[in-house]
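Reader: I'd like a close look at the inside of this model, with the empty space as the starting point. Take it slowly, and spell out the cut-offs as you go.

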Amino acid sequence: MAIMPASAQDRTPPLKVSANGRYIEAGGKPFFWLGDTGWLMLGKLNREETERYLAKRATQGYNVIQVMMLHRPEMANPVAGAALVDGDLNRPRVTLGSDLSKSGEYDYWDHLDWVFDRAAAHGLYIALVPVWGDFADFRLLNVDSAQMIGRFVAERYKGKPNLIWMNGGDRYPELSPAAWDALGKTIRAIDPDHLMTYHPAGRASSSWMFHKAEWLDFNMYQSGHQTYAQDQQLNARGEDNWVYTTDDLSRSPQKPTIDGEPSYENIPHGLDRAPEPRWQAADVRRYAWWSVLAGAFGHTYGENSVMQFFVRGGKANAYWPKLSWDEALDAPGGLQMRHLKDLILSRPFLERVPDQSLILGNGTRYERVAATRGASYAIAYSYTGKPFAVQMGRISGKRVRAAWFDPRTGKSQLIGVFANRGARLFTPPGTPSLGNDWALVLDDETARRPL
């Protein structure tokens, strides 16, 4: 296995919230979070497999991997062994004196050290969930144990440049608020330099309980895996994940937000209700474009087999995966995520705001056209490719250049140059239908940006 020499600090510079409170910067430059849910990486993969996974995701444009540190009390790596002694959060299983360079032996925590370093070599940040919700469910996570494991992990990993803390573990915070708050406060007291968020359960946002917590630097929501018809929860929002972005950005003080768990590619609608139908590439594109154009600072993608590192012929954790994880790394939706990232970063990033006034006579649900703009550009996304009307004059310039951007390929085709006034109807290529999605890109003609 080749080892890539690299400066972790150069490849993963420090992250901080931008001055306007809406975005993230890396080393002073705009940072578009393109995350992958590699939840069970520590529990399923050996080092050769881990290296292969990290390298592949880095070449595909991802820059954040979301990982569970402790999924359940029996959490173990297939090579390094168990993380805890008897599943006790107060007793991490640390093998003192192990020296990988001499003996080749290492424990779970040595392995996590190595994972951080290899991720950094590939330019990847690790968004680490210290304790998954199962511990809270069984009352194994409480104020005392949260402080114990929080101190241990913060002291051990605070020096890793590519660390992002992700408190919570797919749970509603109100079920164990004191424990989650204690974990956040303990980690922050020891490590004030790395960003921290909270990963809630489905159809919820960290802002609902912890928005004003001093340890919470940015919000995260889980828009979830249900269809419009399946969503029967209080304040149901169905598949409209953009609503969470809008809600989070309306709060004070201003904090960035992101969809940390939308519907995964190849996972059944509603998760465990039935093995079919499944979310496809067009669906995961829609979730990404809707949330980002509403103002999210990036997006997290997920794939059913990858998030649990399923292998054909093996036992699945859940949700009827069909592909082996290494096959699923090439799922089309996952490959297409980078096109949104590339487009957003190609225009002035920190000035971008959502602006639905660009769209005249907008529709709802799948017919809704999402819109965002900066001072000299605007982007409007249609999931169905149905013609839509745009209010011109919302960006600078007497004339604007218009182009269609294909979310499937990342390629653009020129429409023309038009006067920047009045209303104009734009007709996307192809026949209107679900998944015939296109992004209209308007630029001040004098900016002379490449297509």
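**The cavities and what surrounds them**

Author: Leu-358, Ile-359, Ala-378, Ile-379, Ala-380, Val-390, Leu-440 and Leu-442 line the largest cavity. A cavity here is a set of points, on a 1 Å grid over the protein atoms alone, where a 1.4 Å probe fits but cannot get out, and a lining residue has an atom within 4 Å of such a point. Bear in mind that this is a predicted model: local features need pLDDT of at least 70 and side-chain atom pairs count only at pLDDT 80 or more, while totals for chains, interfaces and linings use all residues. Residues are numbered from 1 along each chain as its sequence is written, and side-chain values use heavy atoms, with hydrogens and water left out.

How much room is in there? The largest cavity comes to about 40 Å³, where volume is the space filled by probe spheres set on grid points joined across faces, edges and corners. S18 (377–382) and S23 (438–444) are strands that each supply at least two lining residues, and S18 gives the most, three. (Strands are DSSP runs of E, at least two residues long, and helices are runs of H or I of at least four; both are numbered from the N terminus.) Sort that lining by class and you get eight nonpolar residues, no polar and no charged. In this scheme Ala, Val, Leu, Ile, Met, Phe, Trp, Tyr, Cys and Pro are nonpolar, Asp, Glu, Lys and Arg are charged, and the others, Gly among them, are polar.

There are two cavities of 30 Å³ or more. The second largest holds about 30 Å³, and its lining is a mixed bag: five nonpolar, three polar and one charged residue. Leu-358, Ala-378 and Leu-442 turn up in this lining as well as in that of the largest cavity. The rest of the list is Gln-391, Met-392, Gly-393, Arg-394, Ile-395 and Asn-420.

Now for the packing. The largest nonpolar core has 106 residues, and Trp-33, Tyr-53, Leu-70 and Trp-109 touch the most other members. A core of this kind is a set of buried Ala, Val, Leu, Ile, Met, Phe, Trp, Tyr and Cys residues joined through side-chain atoms within 4.5 Å; buried means under 20% relative accessible area, exposed over 50%, and partly exposed in between, with a 1.4 Å probe and protein chains only. Helix H11 (residues 281–293) makes the largest contribution to this core, eight residues. Apart from it lies another core, of 18 residues, and this brings us back to the cavities: Ile-359, Met-392 and Ile-395 are among its members, as is Trp-438. Ile-359 lines the largest cavity, while Met-392 and Ile-395 line the second largest.

One last stop is the loop after Ile-359. Arg-365 sits between strand S16 (359–360) and strand S17 (369–373). Its phi is near 50°, a positive value in a residue other than glycine. Buried or exposed, or in between, for Arg-365? Arg-365 counts as partly exposed because its relative accessibility is 47%. Arg-448, in the segment after S23, also has a positive phi of about 50° without being a glycine. At 71% relative accessibility, Arg-448 counts as exposed.

Note on methods: On a 1 Å grid over the protein atoms alone, a cavity is a set of points where a 1.4 Å probe fits but cannot get out, and a pocket is an open set with protein on both sides within 12 Å along at least five of seven lines; lining residues have an atom within 4 Å of a point.
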